[in-house]
Amino acid sequence: MLILTRRVGESITIGSEINVTVLGVSGAQVRVGIDAPKDVAVHREEIYARIQAEEPGASRNHVETRPGPTVSVRVKKSKVPSGI
């Protein structure tokens with residue numbers, strides 16, 4: 001596991017198409033924004049586990065994309081200064 005430290009407004013890039021930005025921290029809760037292509041499924045861990053449990057033929061590392069939204073993460077707009 002790679003462990004990185006980021007501050008609010010800072011990002012992590014995964015490959016060339018996925019960007020994860022720290023939007024805010026409140027106590028033990030961290031809000032992140034995820035920019036990824038529509039064909040990449042992004043889920044919270046507990047949602048992914050439920051999908052795997054409901055789809056007996058699904059592989060452990062791959063979720064087939066379906067028509068409609070592929071993102072289960074709710075991201076609210078945040079007032080993050082652009083200079084951070």
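Begin by selecting I12 together with V20: V20, in strand β2, is the bridge partner of I12. The model is a predicted one, in which local features need pLDDT of at least 70 and side-chain atom pairs count only at pLDDT 80 or more, while totals for chains, interfaces and linings use all residues. Residues are numbered from 1 along each chain as its sequence is written, and side-chain values use heavy atoms, with hydrogens and water left out.

**The first hairpin**

Extend the selection to residues 11-14, strand β1, and residues 18-26, strand β2; the two pair in the antiparallel sense over 4 bridges. Strands here are DSSP runs of type E with at least two residues, helices are runs of H or I with at least four, and both are numbered from the N terminus. Two strands count as paired if DSSP finds at least two bridges between them. A further pair to display is I14 with its bridge partner I18 in β2.

Next, select the 3 residues between these strands, where G15 takes a positive phi near 65°. S16 also lies in the loop between β1 and β2. Is S16 buried or exposed? S16 is exposed, with a relative accessible area of 72%; the classes are buried under 20%, exposed over 50% and partly exposed in between, computed with a 1.4 Å probe on protein chains only. A distance monitor between the C-alpha atoms of S16 and A36 should read 9.7 Å, for residues 20 apart along the chain.

**T21 and its surroundings**

Select T21, which sits in strand β2. With a relative accessibility of 15%, T21 counts as buried. Its side chain makes a polar contact with the side chain of S11 at 2.7 Å. A polar contact is a pair of N or O atoms within 3.5 Å; within protein, one must be able to donate a hydrogen and the other to accept it, and residues adjacent in sequence count only if both atoms are side-chain atoms. Now display the residues that T21 touches, leaving aside those up to four places away in sequence: G9, E10, S11, R31, V32 and G33. Contact means heavy atoms within 4.5 Å.

**The second hairpin**

Add residues 29-35, strand β3, which pairs with β2 in the antiparallel sense over 7 bridges. Return to V20, whose bridge partner in β3 is I34. V20 is thus a useful residue to keep labelled, as the bridge partner of I12 and of I34. The hairpin of β2 and β3 has 2 residues between its strands, and G27 in the turn shows a positive phi of about 65°.

**The helix**

Move to residues 45-54, helix α1, and select I47, I51 and Q52, which are buried. Why do these residues lie on the same side of α1? They cover an arc of only 140° around the axis, which puts them on that one side; the arc is that of the directions from the helix axis to the C-beta atoms. Rotate to the other side of α1 to find E45 and A53, both exposed.

**Salt bridges**

How many salt bridges does the structure hold? There are 2, a salt bridge being a side-chain nitrogen of Lys or Arg within 4 Å of a carboxyl oxygen of Asp or Glu. For one of them, select E10 and R6, whose side chains meet at 3.6 Å, N to O. E10 is partly exposed at 24% relative accessible area, and R6 is partly exposed at 38%. For another, select E46 and R44, with the closest N and O atoms 2.7 Å apart. E46 counts as partly exposed at 45% relative accessibility, as does R44 at 39%.

**The whole chain**

Finally, show the entire protein chain, which has 1 helix and 3 strands. From the N terminus on, the elements run β-β-β-α. Of its 84 residues, 15% count as buried. Among the contacts with a separation of 6 or more, 31% join residues 24 or more positions apart. A surface display would cover about 7,200 Å² of exposed area, of which carbon and sulfur atoms supply 52%. Accessible areas come from the Shrake-Rupley method with a 1.4 Å probe, and for residues only the protein chains shown count as cover.
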